[in-house]
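The following note is offered to a colleague who is meeting this structure for the first time. Its points deal with the pockets and with one sheet.

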Amino acid sequence: DEAPLNDMYVLDLRTLAWEEHKAGGEECPAPRSFHTAAVGPGGDVMYMFGGCGVEGRLNDLWVLQLAKMQWRRLPSAGAEELRGRGGPCLVATQTAVHVLAGFAGEESSDCWSFDLSSEQWAKAMEGCFRPRSVAPHALLQVDGAPAAVCMFGGEVCASDRGHEGAGGFANDVLVLPLLEGGSRLGSPLCTECWEGGDAPQSRGWTHMANITCADRGRRSGASVDAAKDRESGDEKTAAQEPLHGKSVHRLVLFGGLSGSDENPERLNDTHLIEVELVREGQGRD
């Protein structure tokens, strides 16, 4: 039975035991699959967006109060504007929830921001990177403050066989700065495709985790280093919103789906990706 579900389980990290939880609330999310969730920076709430429901793709946003295990539905954008989708990237800051890309009948590149104070949606950008879905992604923070969103690859060409096929994938790295305290997304700082050597294979349908952040002092310039200390970046897009200071983030990428419709390949390799954010200037976001 491949029907969508709306059950929820919690893993106790001390005992490594799973337990099913029945969350309450005046309204609870409908059963779905291919949705995305993100925990807020304080660790007290979890946001969930979209996915595929019984009657089609969804564009609803929910927040779960983790202490009380209570759901609340947040205002939705118009379906004509923010199309329902599965496999988007989702990140949450103290001030906003950001939805990036996803599959909405086609691979998409539009990005949206939900202001947690006004509870209003706003379109951040579209067409600034190759459309994609189910891309591994992570929130990068500096001194506890949101700094950027990092995306790796993802599905860039949907399979004619639906979820039974592999489609086409990418292995580029996108870093989108978070501006104004995490309220706004900036233009991508870097798009880089890797070839040869130890470069991660193109893939999607997996996750990426940020494991460390180290401060390497300050210097001028704007760049993004991705693996093996290679510096790259577009001076024009980097200069649009200069960063401040310098921090190095290490992310772990594991497994995923790659290959093609004819030869789909499920992966179990592990890669360590290093992303360097360089910020210049004083007193700017």
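1. In this predicted model, the largest pocket holds about 650 Å³ of space. Its lining consists of 26 residues, and the closest to the pocket centre are Thr36, Ala37, Leu90, His137 and His207.

2. Four strands each give two or more residues to the lining of the largest pocket: β3, β7 (89-92), β11 (137-142) and β16 (207-215). By class, this lining has 17 nonpolar and 9 polar residues, with no charged residues.

3. The second largest pocket holds about 490 Å³ of space. Of the 22 residues that line this pocket, Asn6, Asp7, Met8, Met46 and Trp71 lie nearest its centre. The elements that contribute two or more residues to this lining are β1 (9-12) and β4 (45-53).

4. Which classes make up the lining of the second largest pocket? The lining divides into 15 nonpolar, 3 polar and 4 charged residues.

5. An open sheet of 4 strands is also to be noted, with the order β3-β4-β5-β6 and antiparallel pairing. Strands β3 (36-39) and β6 (70-74) stand at the edges; each has a single partner strand, so one side of each is left without a neighbour in the sheet. From one strand to the next, the twist averages 25°.

6. Within this sheet, strand β5 (residues 56-65) pairs with β6 in the antiparallel sense over 5 bridges. Gln65 has Gln70, in β6, as its bridge partner.

7. Two of the sheet strands also recur at the pockets: β3 is among the elements lining the largest pocket, and β4 is among those lining the second largest pocket.

Key: Residues numbered from 1 in each chain as written. Predicted model: local features only at pLDDT ≥ 70, side-chain atom pairs only at ≥ 80, totals over all residues. Heavy atoms only, no water. Pairing = 2+ DSSP bridges. Axes fitted to C-alpha atoms, helices over the stretch in contact; angles between N-to-C directions. 1 Å grid on protein atoms, 1.4 Å probe; cavity = no way out; pocket = protein on both sides within 12 Å on 5 of 7 lines; lining within 4 Å. Points joined across faces, edges and corners; volume = space filled by probe spheres on them. Nonpolar A, V, L, I, M, F, W, Y, C, P; charged D, E, K, R; others polar.
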